[in-house]
Amino acid sequence: MRDEIQYGTTLIAYDLEFSQRKTLGIKVYPDKSVRVTAPKNSDLLKVRDKVRKKAAWIVKQQDFFLSFQPITPPRRFVNGETHLYLGKQYRLKLHKSNKAAVKLSGGYLQVHCQYPENKKTVEELIKGWYKDKAELHFKELFEEQRPLSKSLFDGNAILAYRWMKKRWGSCDKDGKIHLNLELIKTSKKCIEYVIVHELCHLKYLNHSSAFYELLEKVYPDWKETKDKLERWMV
């Protein structure tokens with residue numbers, strides 16, 4: 001059966017099964033789904049109470065998997081398709097033109113190229129445009145967090161970015177922060193959250209309790225922002 005509990009502003013939905021086991025078990029999977037297995041004849045209210053007590057751990061596990069797996073669906077690069085930029089949706093409009101260009105206009109992502117029917121060409125133009133915009137906004141948001149990076153790291157933290165398939169960002173022990181260019185599709189607030197998340201790894205290169213205590217201290221609304229990131233990129 002499907003059930004759910006409320007944890008702060010987060011709604012945790014889970015699949016509930018009953019079996020011959022003697023204790024309640026909880027598993028969180030890479031797609032952030034949750035499965036709860038409870039002893040047969042368990043009282044549903046008591047099951048919910050136990051899940052609620054493990055809610056902080058569940059959210060941490062989901063956050064851990066979130067850092068590894070962007071789940072943006074594949075694009076087809078055809079007229080009318082929705083594309084995201086800084087948390088807003090734009091319809092794709094293709095134009096045949098001898099001069100290649102990408103711009104936002106009239107609520108549309110306008111792509112001009114010689115062969116608009118060539119999906120690979122359109123994809124490359126859009127990705128190039130995303131990369132240019134990311135360079136601008138990522139650098140701006142990263143510099144705003146420079147005081148935080150200096151408080152956590154003795155060296156000079158630097159920013160890098162590329163397309164990644166399995167994570168939103170990463171942090172090297174030498175102070176290099178990598179961001180996934182896919183983040184340009186979500187809001188600045190969500191990008192900021194990922195930057196702060198990775199900067200906290202300058203002090204703790206893990207997802208330990210100490211790491212989350214630091215994240216909670218420097219970015220109190222990280223859970224709400226993480227939820228927004230998940231919703232935008234589904």
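Let's start at one residue: at 29% relative accessibility, Val218 counts as partly exposed (buried means under 20% relative accessible area, exposed over 50%, and partly exposed in between, with a 1.4 Å probe and protein chains only). What you are looking at is a predicted model, where local features need pLDDT of at least 70, side-chain atom pairs count only at pLDDT 80 or more, and totals for chains, interfaces and linings use all residues. Residues are numbered from 1 along each chain as its sequence is written, and side-chain values use heavy atoms, with hydrogens and water left out.

**The overall picture**

- The protein is built with seven helices and eleven strands (these are DSSP runs, H or I over at least four residues for helices and E over at least two for strands, numbered from the N terminus).
- Its C-alpha trace spans about 70 × 45 × 25 Å along the principal axes.
- Out of 234 residues in the protein, 44% count as buried.

**Helix α6 and its two faces**

- Val218, our opening residue, has its place in helix α6.
- Go 18 residues along the chain from Val218 and you get to Cys200, with 8.7 Å separating the two C-alpha atoms.
- Helix α6 covers residues 209-218, and its buried residues are Phe211, Tyr212, Leu214 and Leu215. They take up an arc of only 155° around the axis, so they sit on the same side of α6 (the arc is that of the directions from the helix axis to the C-beta atoms).
- Turn to the face of α6 that points away from this buried side, and you find the exposed residues Glu213 and Lys217.

**Salt bridges**

- Searching the whole structure turns up ten salt bridges (a side-chain nitrogen of Lys or Arg within 4 Å of a carboxyl oxygen of Asp or Glu).
- One of these joins Glu17 and Arg35, whose closest N and O atoms are 2.6 Å apart. Glu17 is in strand β2 (residues 10-19) and Arg35 in strand β4 (residues 34-39), so this pair ties together parts that lie 18 residues apart in sequence.
- Both ends of that bridge are partly exposed: Glu17 has 38% relative accessibility, and Arg35 has 29%.
- Over in helix α3, the side chains of Glu135 and Lys139 meet in a salt bridge at 3.4 Å, N to O. The two residues are four apart in α3, so about one helical turn separates them.
- Glu135 is partly exposed at 36%, and Lys139 is partly exposed at 43%.
- Another salt bridge pairs Lys189 with Glu192, with 3.8 Å between the closest N and O atoms. Both residues belong to helix α5 (residues 188-200), where they are three residues apart, about one turn of the helix.
- This pair shows a contrast: Lys189 is partly exposed at 32% relative accessible area, while Glu192 counts as buried at 18%.
- Asp221 joins in as well, as Lys189, Glu192 and Asp221 are linked in a network of salt bridges.

**A positive patch on the surface**

- Lys120, Lys127, Lys165 and Lys166 gather in a patch of positive charge on the surface.
- Patch members have over 30% relative accessible area and no salt bridge; like charges are joined within 9 Å, and nonpolar side chains (Val, Leu, Ile, Met, Phe, Trp, Tyr) within 5 Å. Accessible areas come from the Shrake-Rupley method with a 1.4 Å probe, and for residues only the protein chains shown count as cover.
- Lys and Arg count as positive and Asp and Glu as negative, with His and the chain ends not counted; a charge is placed at NZ of Lys, CZ of Arg, CG of Asp or CD of Glu.
- Of the patch, Lys120 has its place in helix α3, which covers residues 119-144.

**Two positive phi angles**

- Phe77 has a phi near 60°, a positive value in a residue other than glycine. You'll find Phe77 in the loop between α2 (55-66) and β5 (82-85).
- With a relative accessible area of 11%, Phe77 is buried.
- Leu86 also has a positive phi, near 50°, and is likewise a residue other than glycine. Look for Leu86 in the loop between β5 and β6 (88-96).

**A buried tyrosine in β2**

- Tyr14 has its place in strand β2, and at 0% relative accessibility Tyr14 counts as buried.
- From Tyr14 to Val28 is 14 residues in sequence and 9.3 Å in space, C-alpha to C-alpha.
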